[in-house]
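Thanks for making time this morning. I would like to walk through one model with you, starting from a single residue and working outwards, so please have the viewer open.

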Amino acid sequence: NTLLPVLSMVHGAAIAADDSKEGNDTVDTTLGPGRAQAAQLMMHHTRNTISKQWDETRALALSGASRVFCRFFSVFQGLDSMEIAWKLLLEFVEASIRHRSAEVVTAGIEALAELLSNCFGTDSGSVEDSEAMRKLWCDAVGTMCAVTAHVTADLDPCTALQRQRWI
């Protein structure tokens, strides 16, 4: 009841910053406006707009959410809302991988890799649990296929064929 709503709020605020006119305005770096002498804060160019700051927040939130989800995967498996929560998390991952910011895309790819590699070692061995795990795994692989198709959609077919030969 906490993890995904926080991720949803961060995602929504980041989208609002991306869509707003102010999202690309340079952040005011003046400190102490009520003082006689205002001090200037030095800010790196990668964080000098509101949308860039939200990109960082989005990347950190997704990274943290995927880590928590994997760490407590066995607890999440016992919840009635596990399948819904899993699908929502995968939707956030997919939206991140489709984002325009390299930082957010990288966080999305890393989150998907973590979910695929670290969440699936807790099967109890029962048929019901095995089937549930297979469904979750299929959802994650489906997300991976969707983003792969999105990323490679603009590739020249000849380039795609060349890449297949080397894989």
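**Starting from Leu89**

Leu89 has a relative accessibility of 0%, and therefore counts as buried, since the cut-off for that class is under 20%. Before going further, I should say that this is a predicted model, and that the values I quote are computed from its coordinates.

Where does Leu89 sit in the chain? Its place is in helix 4, which covers residues 82-97. If we leave out residues up to four places away in sequence, Leu89 touches Leu4, Leu7, Leu62, Ala65, Phe69 and Leu115. For one of these partners we also have a backbone separation: Phe69 is 20 residues away from Leu89 along the chain, and their C-alpha atoms are separated by 9.0 Å.

From there we can step out to the core. The largest nonpolar core holds 27 residues, and those touching the most other members are Leu7, Phe69, Phe73, Trp86, Leu89 and Leu115. Two or more residues are given to this core by each of helix 1, helix 2 (50-71), helix 3 (73-77), helix 4, helix 5 (102-118) and helix 6 (127-152), and the largest share, 8 residues, comes from helix 4. As general background, nonpolar side chains in soluble globular proteins tend to be buried together.

Leu115 gives another view of that core: with neighbours within four places set aside, Leu115 is in contact with Ser66, Phe69, Cys70, Trp86, Leu89, Leu90, Val93 and Phe120.

Now a residue of another kind, Asp139, which lies in helix 6. Is Asp139 buried or exposed? Asp139 is buried, because its relative accessible area of 16% falls under the 20% cut-off. Beyond its neighbours within four places in sequence, Asp139 is in contact with Trp86, Lys87 and Leu90.

Let me turn to the empty spaces. The largest pocket has a volume of about 210 Å³, and helix 1 (3-19) and helix 4 are the elements that give two or more residues to its lining. Among the lining residues are Asn1, Thr2, Leu4, Phe69, Phe76, Ile84 and Leu88, and the lining as a whole divides into 9 nonpolar, 3 polar and no charged residues.

As for enclosed space, there is 1 cavity of 30 Å³ or more, and the largest cavity has a volume of about 40 Å³. Leu7, Val10, His11, Arg58, Leu62, Phe92 and Ser96 line the largest cavity, with helix 1 giving the most, 3 residues. By class, that lining comes to 4 nonpolar, 2 polar and 1 charged.

Stepping back to the whole chain, the protein has 167 residues, of which 31% count as buried, and its secondary structure comes to 7 helices and 2 strands, running α-β-β-α-α-α-α-α-α from the N terminus on. Among contacts between residues at least 6 apart in sequence, 65% join residues at least 24 apart.

Finally, a word on confidence. The mean pLDDT of the protein is 77, and 68% of its residues reach 70 or more. Among the elements, helix 4 has the highest mean pLDDT, at 91, while strand 1 (residues 30-31) has the lowest, at 54. Where pLDDT is low, the predicted coordinates should not be read in detail.

Key: Residues are numbered from 1 along each chain as its sequence is written. This is a predicted model: local features need pLDDT of at least 70, side-chain atom pairs count only at pLDDT 80 or more; totals for chains, interfaces and linings use all residues. Side-chain values use heavy atoms; hydrogens and water are left out. Helices (H or I, at least four residues) and strands (E, at least two) are DSSP runs, numbered from the N terminus. Buried means under 20% relative accessible area, exposed over 50%, partly exposed in between (1.4 Å probe, protein chains only). Contact means heavy atoms within 4.5 Å. On a 1 Å grid over the protein atoms alone, a cavity is a set of points where a 1.4 Å probe fits but cannot get out, and a pocket is an open set with protein on both sides within 12 Å along at least five of seven lines; lining residues have an atom within 4 Å of a point. Grid points are joined across faces, edges and corners, and a volume is the space filled by probe spheres set on the points. Ala, Val, Leu, Ile, Met, Phe, Trp, Tyr, Cys and Pro count as nonpolar, Asp, Glu, Lys and Arg as charged, and the others, Gly among them, as polar. A nonpolar core is a set of buried Ala, Val, Leu, Ile, Met, Phe, Trp, Tyr and Cys residues joined through side-chain atoms within 4.5 Å. pLDDT is the predictor's confidence in each residue, from 0 to 100.
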